[in-house]
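Please open the model in a viewer and follow the stops below in order.

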Amino acid sequence: MSTLVAVTLQINGVRHDIEIQPWRTLLEVLRETLGMTGTKRSCGEGQCGTCTVLIDGQAVNSCMYLAIEAQGKAIATIEGPPEGDAALQQIQRSFVAKGAVQCGFCTPGMVVATQALLSHNPDPCEDEIREALVGHLCRCTGYVQIVEAIQDAASQLANKGGE
Amino acid sequence: MLNKDTQREFQVLGKPTPKKDAPQKAAGRAEYADDISMPGMLHGKLLRSPHPHARIVSIDVSRAMALPGVRAVITGRDFPGVRYGNLPQTRDYLPLAIDTVRYLGEEVAAVAAVDEDTAEEAIELIHVEYEVLAATFDPEEAMKPGAPQLHGQSPGNISAHTESHFGDVEAAFAQADYVREDFFETQPVKQGMLEPHACVGLWDSFGKATLWSCKMSPYAVWRQLAMGLDIKPGDIRVVQTYVGGGFSGGKQEAMPMDFCALLLAKKTGRPVKFVHTMEEVLIIGHMRHPMKIWLKTGTTRDGRILAQHVKLLANGGAYSSIGGFSIFLAGAMINLPYRVPNMKFEADRVYTNNGFCGALRGHTVVQMCFARDSQLEMIAAELRLDPLEIRRRNAIQDGDVTPNGFRVNTFAFDECITRVAEMSDWSNKKGKLPKYRGIGFGCGAHLSGARLMGHSASTAEMRMLEDGTVHLTTGSTDVGQGVETVMSMIAAEVLGVGVDDVHYLKVDSAATPLDPGTFGSRVTLFTGNAVKQAAEEIARQLAEVAAARMGVAAEDLEFRKHEIINRKDEKQRVSLKEIVRWGMFQQGRIFSGRGSYGYSEEKIDFRTGHGNLSPAYNPTACAVEVEVDPETGQVTVVGLWGADDSGTPLNPMAVKGQVIGAAVMSIGHALYENLIRIDGKVMNPSFRDYKMPLATDMPLLANFKHSNVITWEPEGPFGAKEAGQGAGTGVIAAIANAVFDATGVRLNRLPLTPERILFGIKRLQEQNGEA
């Protein structure tokens, strides 16, 4: 019944040659085909942001993005590249240190969104941070500690950049 | 040496400590239930009723069974027909409906197939013949004679009734200088956790069933699974996964998906996974009770409350859940945070053909506090009293015993009010802000765990490993609030080790101690006391070995920084690890401790409402500043300042996360969250239409502050009390009071939507001849 197509995806710098049904979303392929479950599935309709990944540096909801459309593009997920990514790791450390993680279900999406924000705007003001999170729901924290974590990450990354 | 009850200088506690599991979660490595994959695993889907009330005439599953890839289909008749539930008198759930469906979305059949798409396709091939029955949606209609009846054993659709009467309200109203009555109405609100319910069931060849699931209270689920499957609890194992947000509800109890995962696993011999879509999460039961609250209060001229009389009608939906306790709690909490010398409470929870209601963060305290603190503000205005002063005059104080028997140890309510007034700059803002900008005050209270009639005790077990680290098991789950961290901190404090030296294991009914679960703000106090005891037992065992080896008295020994130290001569010290190894290797000792708390004989009389429901009580106060757009009615929360007496915060970082999280949830409840139902059909079952607060809905950080008034609660471990729910209880009234201050519009019905505010403004303009 199913029509499989061969697809090549570059995820976190690693090439994956897979066969998928052409209607599969990137989220389904990441989680089910590739077993990369760090990207979370929640609302399935682009409202909550838990499934956020980067495509060519832009944050997108992977539940709304067909995997075949991601061919030839650089996909980055919460798992990060095998060799590590300094910015990603700093953001993760800041989320931990500032108490931005409670149940943790929104956290991978929030962290990836922060990566996108800080790569485009290394010194965002509070309003810009809030705006960047507008596609992300968090029911636990009330966002305060998430905003503080992003501020911390920005300042830590700026310090490192200046060294 | 080991009694640290009076110690306030901590080595581990009291310092902001990052959550232990946060690095895993931030890296995407925490495994939630939907992340589990097993060889041969099948995927399950549920068929739901399209009718709010119907009799099931017949179910034909043959076409579904014939679909390639389908491995099994089950209906209610495949289960033993045993009803299950939370309370013995309210067992009204079935794993799948058998004869009757009572709300739109109720589970009727389930499929296991090789993948989710096939399971979904199969669901559509099941043919159910229904005989549609008359339905009832409004509690007042449902109580009338002739209304459709939902449950045979509950005439008049009364799901639960509770009443209590302390003092003499009639006499007190007769003496009162001022009496007023108001009517309030609240809406259905969902838990809104981001992780949908998910589980994996396995039934092995020895007849043992295992469920992996994101449960807050795995042992409640364990018991209910045994009831609904009619098998021995010992044949069931419930394993807790990471919990992606709970806030009570379906993660508190067994759900149809849990039963179906196990039964389908039994039928197929394969593991079966279920994951709800968010649409299913929003359609099915589990939500905050919508309530109609009639509140009559009598006071003296100077604003002292003499009596309160409350009549409450809760729209319970189709099933009981924990609803009997929900309305009991609403009545009990009238006694906090104000002195109410005479009170009468009458409440009915009514069955209707809607998704059912139960607990949600703050439980029913949230609705009651909205009503009472809104009314108190109106009373203050009428009596020309300062809104803060009327609250102070009625404030419960340390050592009070309330008419219903709450014994209040610590209750720094006055100080909470003072701090909020200072932080919010209340005196310079109240009545002085520009038009359409306003500030409001709201207060509330909560309890640190409830003593229920059934199983209330928490226990802990701990054993020391040869490297000087410890394994700690309790029955309390981390649901994001930081249990694994604070319990580890308590153990580390007693044993003089680091937080990371304590390995806190997730709940697994095959390995961890039996426990009621995570709800009612019970864990830090109940389980924390048990952990403290368990750690102290290990410390005693270690001190005995160390004392003999060092030639000193055991009671002179202290545990600090991985060392055991003679406090009388600090040069005499030995490493903890050395003593552990010496004891284990040379003496064959096992260093293990056990602790228990909450087994108290003290019980609540649920018929009269009398009894000391909790070991500890905490007050909260907050002020909210809003700006209202007079063109659209849109409310912007521009400032929120809260203060709580959470006792001694053991992990201030976690406490901050809890109080702010609770407050923000109440912003959503006050302003926009509302599960809209028309004739039993949920009209907004998506996060697009069910609006929860976003980052941009918060006040800026500079105007969003929280303060902990530090007290030493004698019942708490190291002085601690609850932090996760109380802080949300005063916020809704504060917002309603702020909207009134900004616009002159008093709204007693939630949510405070732009339309209602606009109509209110318009009405006022017409009254004033402005329009």
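A residue is buried if 20 or more other C-beta atoms lie within 10 Å of its own, exposed if 12 or fewer, and partly exposed in between, with C-beta atoms placed from the backbone. The model is predicted: local features need pLDDT of at least 70, side-chain atom pairs count only at pLDDT 80 or more, and totals for chains, interfaces and linings use all residues. Residues are numbered from 1 along each chain as its sequence is written, and chains are lettered from A and ligands numbered from 1 in the order in which they are written.

Select chain A. Of its 163 residues, 56% count as buried. Chain A holds 5 helices and 5 strands (DSSP runs numbered from the N terminus: H or I of at least four residues, E of at least two). From the N terminus on, their order is β-β-α-β-β-β-α-α-α-α. The C-alpha atoms of chain A fill a box of roughly 50 × 35 × 20 Å along the principal axes.

Next, show chain B as well. Here 42 residues of chain A are in contact (C-beta atoms, placed from the backbone, within 7 Å) with 47 residues of chain B. On the side of chain A that touches chain B, the elements giving two or more residues are H2 (86-97), H3 (107-120), H4 (126-132) and H5 (144-162). H2(A) gives the most, with 4 residues.

Finally, select residues 365-382 of chain B, helix H10, and residues 387-394, helix H11. The contact joins Leu376(B), Glu377(B), Ile379(B) and Ala380(B) of H10(B) to Pro387(B), Ile390(B) and Arg391(B) of H11(B).

Technical notes
Axes are lines fitted to C-alpha atoms, for helices over the stretch in contact, and angles run from 0 to 180 degrees between N-to-C directions. Two residues are in contact if their C-beta atoms, placed from the backbone, lie within 7 Å.
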